[in-house]
Structure formats: structure tokens, C-alpha cells
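The exercises below ask for careful reading of one chain, and each task is followed by a solution in steps. Please keep the sequence and the coordinates in view while working through them.

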Amino acid sequence: MPMRRPLRTALPVVLAAGLTGAGLTAAPPVSAARTTGHRIGHAATRAVMGGIVRGGVPGVLGQAREGRRVWNASSGLADLGRARAPRPGDRFRIGSNTKTFVATVVLQLEAEHRLALWDTVEHWLPGVVHGNGNDGSRITVRQLLDHTSGIYDYTADPALAAKTFGKDFLRHRFAAHRPRDLVRTAMAHRPVFAPGTGWSYSSTNYILAGMIIEKATGHSYAAEIRRRIIRPLGLHATTVPVTSPRIPRPAEHGYLRLPGEPPGTALHDVTAMNPGVAGAAGGMISSVGDLQAFYRALLHGRLLPGRQLGEMLTTVDTGHREIGRYGLGIGEQRLSCGTTVWGHVGSIPGFVSLVSSTRDAGHTAAFSINAYGFAPDLLALLEAEFCGKAPAPQARAVPGAPAPGIR
């Protein structure tokens, strides 16, 4: 049987940090979710959003689109210092939602015959994946994109983890990290399983994918995302900051509860950070509207030819119900009402985000939660928005628990 690595409670794949505005002592006030738009309903979604804020998260922002109908909602605060509610145009760090953009660029290059999904990592990056049982000649580009490579997740390395999303984060959040150094950290560990024999989420896969994009094009993954996706689609709120620590305004503030800090501890404002530790695995910034526009273009075939889109949506079993199945940079989740949605989760210190869509992109939704160090029930958000299911009492943030990671 293929070996499966147990899913960690936290997959801190893309970190976030920021201006540590001195610890905030008061819990954020909870407001009823404010909504505008054309559709009557969304009561279940509003209830889940409010529950997340009651669990200790400062604020939640949500937007859904069905055809020309747009629904906006917020609960809590985008900025504790100014007591401002989240707004639809606010930018935030999207963590591993970056992976869908990176996978799209790789598939565009495949459509242009500039690389193949069955190319080996060794072919593109000689000598980079080696040592401790790691062998890039046995790992394909496709296995990077669907997390079946078996490569260790660099964010799980204890020493790096303590600095980049653990107890020492506040002292190291502006540290520089080169992609090759992040891969080198992963290579210090043995593979989780032999390539193609299991599934395990690893941000190292997408650091490598970003490096392959650069090798194949002569340009950085960031430049290719801007040229191929952001500019053609007019995603004006979406940026690839690479190493810039700031989020362009208007923006939500991101907050952090460090491991071991008990409920009631003042949250740290970590809006600013060097996102290089996330890189091609999760360093981007966007908005709820831009994320949905990207998914509509993607699923309508505006970014990929039919064959490549079909490859992206060919999924493997992850072995985890809360994740569902996983394709190439995108997940497939069948909800309790029978609706299947496609999307991704992103988490980085300061933020957790979620974007999801029906296959025809007729119904899309995106959410931003401006805190890391909690465990909001993201599946409850999907069940509420796409099935109209009223949330169970436990559908709220769990104080002191880590975020669910960038999946």
C-alpha cells in the first residue's frame, strides 16, 4: 500500500508576518455580518462567518458571485487599530492559493511545448533534488504539482518552522530566504514516500515548480504570472511581491497568535513580512473579487487549452476528507448536498483564505480570515455557501489552535 504521511493540524505553507503593532489587549468587537448585494439568502454563510469572529478571529470577509449577482459580507474588523470593517476591495495575503497560479503557468508552458508534465525535476534542475534518498531523476513535474513527489515539506523542518511561523517568528519575519536554500532545507530530510506511491502536501514542490518556470522561460515565476495571468485578466488587486514586505492599500491587517499563547493573549499585528519564505508556494496578494475572476477565467478555458485544463482537473485521492481530492494546484471537494466545488486554501501568518467554484464557474466564492493561529472551520463555509447548510455549533474558530494550512 502507498505510504501516507499523516496530515498535520497545521500546514504552515506560506507564512505571514508584519508590523508587530504592540500586542493588542482587547478582543475585537463582534458585529453582525454586514451584507450588500442582490441575492436574498446566505444566512448560513453569514452565521459561519459570525461564528469564526466569535471564536477570537478579528475579522472575516466574504464575497460570492452567481452570474451577474454579487453578494458581499463581512464580520468583525479588518484593522483593530482603526476599528474598520473588512471591505470587498481589501487586499490580503493568499498563501497557498498562489499554487493555482503557478500550476496554471506550468500548464501554459506545457501547451507551448516548452516543457512536459512527464519531464523529470533532474532534467530541469540538475543536482538540486538529491541526497538522503531524494532523487530528482525519479520525480516528474506532474508529481510536483499534485503533491505525489514524496519530497519533504520544508515548512515542517523544526528549525525553520520555529523562525518562520513558530515562537521566533516575530524576530525573523523580515529574513530573506532564497528558493534554493528552502529546497536545501527539505533535502536534509528523507522523502516521505517513493515518488508516485502516496500523497503528502509539500510546499517544496511549488518552490521547485517556480524554479522550473524560471529555467524554462528565463524569467522569474513572478514575472510570468504577471505577464500571463494578472495583466491579461486585469487583476488590479493582485500582486506577486517576491520580497517586498508591504501589502498595497486598501488592505486588511493580519494578526497572529503564536504557538503556546493562551486564549485571551493579545494578538500580534503581522501585516508586514518578507514573503520570500513562501515564494512560489504562497507569496501572493489578492482580493476576494480577483480570486474569483481568476477562477472564472481558468474554469471557462480562457487561460488553458482543453487538454491542459483537463490535466489540471485530473485528481488523486489525498486520503483526507477535509481536503478531498487534489489535481494540479487545485482541489476537488464533494459537499454533503452533492455539489462538487473546485478551489484551494491558503494560510500564512496573519491570514487564512479560501476560494471555491462550481465547475461551470456559475457560482464562485472567496473568503479572507485575517488571523493565523486559529482553526476556522473552512468546510463549514463551503457547506453554508454552496449547500445552504446551517452551521453546526462547533463551526467556529478554535482559540489557540493553528490554522489549517495552505492546502
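On a 1 Å grid over the protein atoms alone, a cavity is a set of points where a 1.4 Å probe fits but cannot get out, and its lining residues have an atom within 4 Å of a point. Grid points are joined across faces, edges and corners, and a volume is the space filled by probe spheres set on the points. The model is predicted, so to speak of local features requires pLDDT of at least 70 and side-chain atom pairs count only at pLDDT 80 or more, while totals for chains, interfaces and linings use all residues. Residues are numbered from 1 along each chain as its sequence is written, and side-chain values use heavy atoms, with hydrogens and water left out.

**Exercise 1. Cavities**

Find how many cavities of 30 Å³ or more the whole structure holds, and describe the lining of the second largest cavity.

Step 1. The search of the whole structure returns two cavities of 30 Å³ or more, and the second largest cavity contains about 40 Å³ of space.

Step 2. Ten residues line this second largest cavity, and those closest to its centre are Thr164, His172, Arg173, His177 and Val277.

Step 3. Sorted by class, the lining comprises five nonpolar, four polar and one charged residues, where Ala, Val, Leu, Ile, Met, Phe, Trp, Tyr, Cys and Pro count as nonpolar, Asp, Glu, Lys and Arg as charged, and the others, Gly among them, as polar.

Step 4. Thr164 lies in helix α5 (helices are DSSP runs of H or I with at least four residues, strands are runs of E with at least two, and both are numbered from the N terminus). Thr164 is buried, with a relative accessible area of 4% (buried means under 20% relative accessible area, exposed over 50%, and partly exposed in between, with a 1.4 Å probe and protein chains only). The C-alpha atoms of Thr164 and Phe174, which are ten residues apart along the chain, are separated by 9.5 Å.

**Exercise 2. The chain as a whole**

Summarise the secondary structure of the chain, its burial and its contacts.

Step 1. The chain has twelve helices and 17 strands, and 62% of its 407 residues are buried.

Step 2. Among the contacts (heavy atoms within 4.5 Å) with a separation of 6 or more, 74% are between residues 24 or more positions apart.

Step 3. The chain exposes about 14,900 Å², of which carbon and sulfur atoms supply 54%; accessible areas come from the Shrake-Rupley method with a 1.4 Å probe, and for residues only the protein chains shown count as cover.

**Exercise 3. The disulfide**

Which cysteines does a disulfide join, and why is the disulfide left-handed?

Step 1. With a disulfide taken as a pair of cysteine sulfur atoms within 2.5 Å, the count comes to one disulfide, and this bond joins Cys337 to Cys387 with an S to S distance of 2.0 Å.

Step 2. The torsion about the S-S bond of Cys337 and Cys387 is about -65 degrees, and therefore the disulfide is left-handed.

Step 3. The pair links distant parts of the chain, 50 residues apart, since Cys337 is in the loop between β13 (331-334) and β14 (340-348), whereas Cys387 is in helix α12 (residues 378-387).

Step 4. Cys337 counts as partly exposed because its relative accessibility is 41%, and Cys387 counts as partly exposed at 21%.

**Exercise 4. Helix α7 and the loop after it**

Identify the buried residues of helix α7, and then list the contacts of His189.

Step 1. In helix α7 (residues 179-187), the buried residues are Leu182, Val183, Thr185, Ala186 and Met187, and their cover includes β6 (130-131), β7 (134-135), α5 (158-164) and α8 (204-217).

Step 2. His189 is found in the loop between α7 and α8; with neighbours within four places in sequence left aside, His189 is in contact with Asn132, Asn134, Tyr152, Asp157 and Pro158.

Step 3. Asn132, one of these contacts, is in the loop between β6 and β7 and has a phi near 55 degrees, a positive value in a residue other than glycine.

**Exercise 5. Backbone at two loops**

What is the omega of the cis peptide bond that joins Arg249 and Pro250, and is His147 buried or exposed?

Step 1. Omega of the cis bond between Arg249 and Pro250 is about -5 degrees, and Pro250 is found in the loop between α9 (221-233) and β8 (255-256).

Step 2. His147, in the loop between α4 (141-145) and α5, has a positive phi of about 65 degrees although it is not a glycine, and it is buried, with a relative accessible area of 0%.

How values were computed. On a 1 Å grid over the protein atoms alone, a cavity is a set of points where a 1.4 Å probe fits but cannot get out, and a pocket is an open set with protein on both sides within 12 Å along at least five of seven lines; lining residues have an atom within 4 Å of a point.
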